[in-house]
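Subject: Handing over a structure

Hi,

Here is the structure I promised to pass on to you. Have a look at it first, and then read on for what turned up.

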Amino acid sequence: MTWQARIDAALASREASHSLRRRVVCDPAPGGALVHQGIRYRNFSGNDYLGLSQHPALVAAWRQGAEKYGVGSGASGHVSGYSGAHQALENALAQWLGYDRALLFISGFAANQAVVAALMQPQDRLFADRLSHASLLEAASHSPATLRRFAHNSPQALAALLDKPGAGLTLAFTEGVFSMDGDLAPLAEFAGLTQDAQTLLMVDDAHGIGVLGREGRGSCDVAGVKPDLLLVTFGKAFGLSGAALLCSEPMADYLLQTARHLIYSTAMPAAQAQTLNAALTLIREGDDRRARLARHIARFRAGAAQLPLTLAGSQTAIQPLIVGENGAALALAAQLRERGCWVTAIRPPTVPAGTARLRLTLSAAHQDDDIDALLEALYDGCR
């Protein structure tokens, strides 16, 4: 077999199973919308939960940051890429979330991989919720530690793993809000199980930070817990990109010595760090946006309950409608786009086989008529 034959066969297999991924050029637009080929669509596939990506204050902060710092950091943070804007953002995040330190990463994917690579040794164990993000699971597969995946959102399953003796140390991992189902982890129960000195609890709160809790402090604030390691990302409610890991002072110092994703990656632009600090201010003052988002969620769920599809139990901005087969999910997504609603069909391997779905996401930037238009299009598409 040649390389070309291998590639062609893999692509043909994906095409036959309706699982071939294609990128589409979309330009963001105000009001929870996007533009594709000159046509404006209501956007129900993004993660801009508070509608901040287009906020005038953040656009101005980026412009001011670029004028002051330029458009790139020019180096790793370990060389000359760590500016006063980076330090100010780390300090603000640590103060807001109640941790000693925050470390900035270029992405949440990189941060998850960095933690596993830096901490785990051959005798150690990594226990992860079976629906944990691909970044964590991929890192674990390359780690010398033993990976065990426990039943989704099951404290009993995690407890059973923890009860088994192990020679090394243990890292327990979960998400705060799960990205495909929109459900919340039982963080209080998980925290209660991971109190001993041989176990760390890490929570990836990419989809909870900014949206849930007091001042948008996220899933852990709602549950009243403080995990040993808390990952927050900036590509959702913050409206930008990047991530930060919140941790203790010794852990931060250790990761600065060992986390290759920090040591060898160019730091995010200082202008971006300054804009993220401005976004943090808007998030902390954003109770009105969170209340508007909550109203949209309730409005959608009341209408979607009448559909002949499985509506997941999510009370968050992520509202999955389970369709089942890949082809049917793609067809329904195409019908919705014909009605001006941009919705993406999510298919295996991102979700389990037979659970292809429309992953609908709501934003505070939407209006009531946006939600109603989506529901009307869904009713007609399901006839």
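A word on the annotations before anything else: UniProt positions are given in the numbering used here, feature names are shortened, and annotations may be inferred rather than shown by experiment. Please also keep in mind that this is a predicted model.

With that said, an unreviewed UniProt entry places the feature "domain: Aminotransferase class I/classII large" at residues 43-378. That span is 42% helix and 17% strand, and its end C-alpha atoms lie 14 Å apart.

The sheet

An open sheet of 7 strands is a good place to begin: its order is E4-E10-E9-E8-E7-E5-E6, and the pairing is mixed. Strand E4 (101-105) and strand E6 (146-150) are the edge strands, each pairing on one side only. From one strand to the next, the twist averages 20°.

At the E6 end, E5 and E6 run parallel and are joined by 5 bridges, with Phe150 in E6 as the bridge partner of Asp129. Two helices pack on the sheet. Helix H4 (residues 108-119) touches E4, E5, E7, E8, strand E9 (229-233) and strand E10 (243-247), and its direction makes about 160° with that of E9. Helix H6 (residues 155-163) touches E5, E6, E7 and E8, and its direction makes about 175° with that of E5.

Strand E7

I spent some time on E7 (residues 170-175), where 6 of the 6 residues are buried. Thr170, Ala172 and Thr174 point one way, while Leu171, Phe173 and Glu175 point the other way, and all are buried. This fits the general rule that side chains in a regular strand alternate between the two faces of the sheet.

On one side, E7 runs parallel to strand E5 (residues 125-129), joined to it by 4 bridges; here Ala172 in E7 is the bridge partner of Phe127. E7 also pairs in the parallel sense with strand E8 (residues 199-204), over 6 bridges, and Thr170 stands opposite Thr199 in E8. Together, E7, helix H7 (residues 187-193) and E8 make a right-handed β-α-β unit.

The annotated binding site

Which residues does UniProt list under "binding site"? The unreviewed entry gives Gly108, Phe109, Ser179, His207 and Thr233. They are spread over 126 residues of sequence, yet they cluster in space, with a largest C-alpha distance of 13.5 Å.

Two of these I checked further. Phe109 is found in helix H4 and counts as partly exposed because its relative accessibility is 38%. Leaving out residues up to four places away in sequence, Phe109 touches His133, Ser135 and Glu138.

Thr233, in turn, lies in strand E9, and its relative accessibility is 5%, so Thr233 counts as buried. Beyond its neighbours within four places in sequence, Thr233 is in contact with Gly108, Ala206, Ile209, Phe238, Gly242 and Ala243. Gly108 is itself one of the annotated binding-site residues.

Cysteines

How many disulfides does the structure hold? There are 0. Cys220 is in no disulfide, and the nearest cysteine sulfur, that of Cys247, is 14 Å away. Why is Cys247 not bonded either? Its closest cysteine sulfur, in Cys220, is 14 Å from its own, which is too far for a bond, as a disulfide needs the two sulfur atoms within 2.5 Å. Cys220 counts as buried at 4% relative accessibility, and Cys247 is buried with a relative accessible area of 0%.

Enjoy looking through it!

Best wishes

Terms used:
Residues numbered from 1 in each chain as written. Predicted model: local features only at pLDDT ≥ 70, side-chain atom pairs only at ≥ 80, totals over all residues. Heavy atoms only, no water. Buried < 20%, exposed > 50% of the residue type's maximum accessible area, 1.4 Å probe, protein only. Pairing = 2+ DSSP bridges. Right-handed = clockwise from strand over helix to strand, strands pointing away. Axes fitted to C-alpha atoms, helices over the stretch in contact; angles between N-to-C directions. Contact = heavy atoms within 4.5 Å.
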